[in-house]
Amino acid sequence: MADESRLPALPGLEEARRLIGGASNIFVLTGAGISAESGVPTFRDAMTGLWEQFDPEELASEAAYRRQPALVWQWYQHRRELVAAVNPNPAHHALVALAAQKPVTLVTQNVDGLHQRAGSAGVIELHGNLFANKWLDGCGRCSEATALPGMPPRCNLCGALMRPGVVWFGEDLPRVARYRAEHVAQTCDLCLVVGTSGLVYPAAGLPGVARDHGAPVIVVNPQPSALDQTADIVLSAAAGACLPQLWPQPAPSAG
Ligand code: APR
């Protein structure tokens, strides 16, 4: 049973529970805020120590990678280590529980892979994944070579570089992920938006698409966001405290 004492007077909570309970095809859009309680460092938070002197926008682009592949590769290795050291939080786990109860399509702007580590299946990653690699160019028959320490791997055959599998500044979203996300926004009967500022498009446009197609929109964010005006209900709360209150959670396992 939910612990009613944790969020006693959160405006909109009851109505949100009712809408979620009655929905049968839920579109969930998540952003960096859902990983905040796990301690995932933001772009800027990751600029510590050796990295303090750099601007993330100057590292996270194809031009930067072509200019200084070793530097950018090492920055991604650093971020991979930071993310690998944290764990999914109650908000990630709550979304796994929701998907066990009804059809849910989870679309994330995060590259940290925490939804998948919590156990969510079929996650649509709009901005790629920090732990994936892909070829920068390539001969079409690329195969990985052994990399020198601190250097990105190169193709054995043509010498092409591997690059992190994230969407960099100035790049388009992966086409299939974007198409699938737009489709679910158009066809869902409820849209739940968690932990995004709603400033980065095209992801930020998806809740509006859902709304235009008749789905109510619920926003969970402790701060005002650009999506508040699109929302039917704004729950001003941290995701890790709020989401487990919104639908039944599995009883903790004994032992
Ligand atoms: N629970 C819910 N929301 C939270 C929490 C929390 N505990 N803590 C912070 N937030 C909210 C903040 O109030 C903010 O509105 O999460 C939001 C995070 O906003 P951004 O940092 O702008 O992250 P996001 O919306 O995911 O950014 C989109 O921009 O930087 C690029 O590619 C990157 O995917 C990212 C994209």
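Two strands count as paired if DSSP finds at least two bridges between them. Keep that in mind for the first exercise, and remember that this is a predicted model.

**Exercise 1. Which residue is the bridge partner of V107 in strand 3, and where does strand 3 sit in its sheet?**

Step 1. Start with the pair of strands. Strand 2, residues 104–108, runs parallel to strand 3 and is joined to strand 3 by two bridges, which satisfies the cut-off of at least two.

Step 2. Now pick out the residue: V107 has I124 as its bridge partner in strand 3.

Step 3. Zoom out to the sheet. It's an open one with six strands, ordered 3-2-1-6-7-8 and paired in parallel. Strand 3 (124–125) and strand 8 (233–235) are the edge strands, each pairing on one side only.

**Exercise 2. Are Y76 and R79 buried or exposed, and what does Y76 touch?**

Step 1. Find them first. The unreviewed UniProt entry has a "binding site" annotation covering Y76 and R79. Y76 lies in helix 4, residues 69–84, and R79 is in helix 4 too.

Step 2. Check the accessibility against the cut-off, which is under 20% for buried. Y76 has a relative accessible area of 2%, so Y76 is buried. R79 comes in at 10%, so R79 is buried as well.

Step 3. List the contacts. Leaving out residues up to four places away in sequence, Y76 touches A60, L130, P164, V166 and W168.

Step 4. Look at the rest of the helix. Its buried residues also include L71, W73, W75 and V83. Among the elements covering the buried residues of helix 4 are helix 2 (56–59), helix 3 (62–67), strand 4 (128–135) and strand 5 (162–166).

**Exercise 3. What span should helix 4 have, and how far apart are its end C-alpha atoms?**

Step 1. Helix 4 has 16 residues, and at 1.5 Å a residue the expected span is 22 Å. The multiplier is one less than the number of residues.

Step 2. Compare with the model: the end C-alpha atoms of helix 4 are 22 Å apart, which agrees.

**Exercise 4. How many disulfides are there, and why is C191 not bonded to C188?**

Step 1. The cut-off for a disulfide is two cysteine sulfur atoms within 2.5 Å. By that rule the count is zero.

Step 2. Take C139. Its nearest cysteine sulfur belongs to C158, 3.6 Å away, and C139 is in no disulfide. C139 is partly exposed, with 35% relative accessibility.

Step 3. Then C191. The closest cysteine sulfur, in C188, is 5.7 Å from that of C191, so it's too far for a bond. C191 is buried, at 0% relative accessibility.

Note on methods. Residues numbered from 1 in each chain as written. Predicted model: local features only at pLDDT ≥ 70, side-chain atom pairs only at ≥ 80, totals over all residues. Heavy atoms only, no water. UniProt positions renumbered as here; feature names shortened; annotations may be inferred. Helix = DSSP H or I, 4+ residues; strand = E, 2+ residues; numbered from the N terminus. Buried < 20%, exposed > 50% of the residue type's maximum accessible area, 1.4 Å probe, protein only. Contact = heavy atoms within 4.5 Å.
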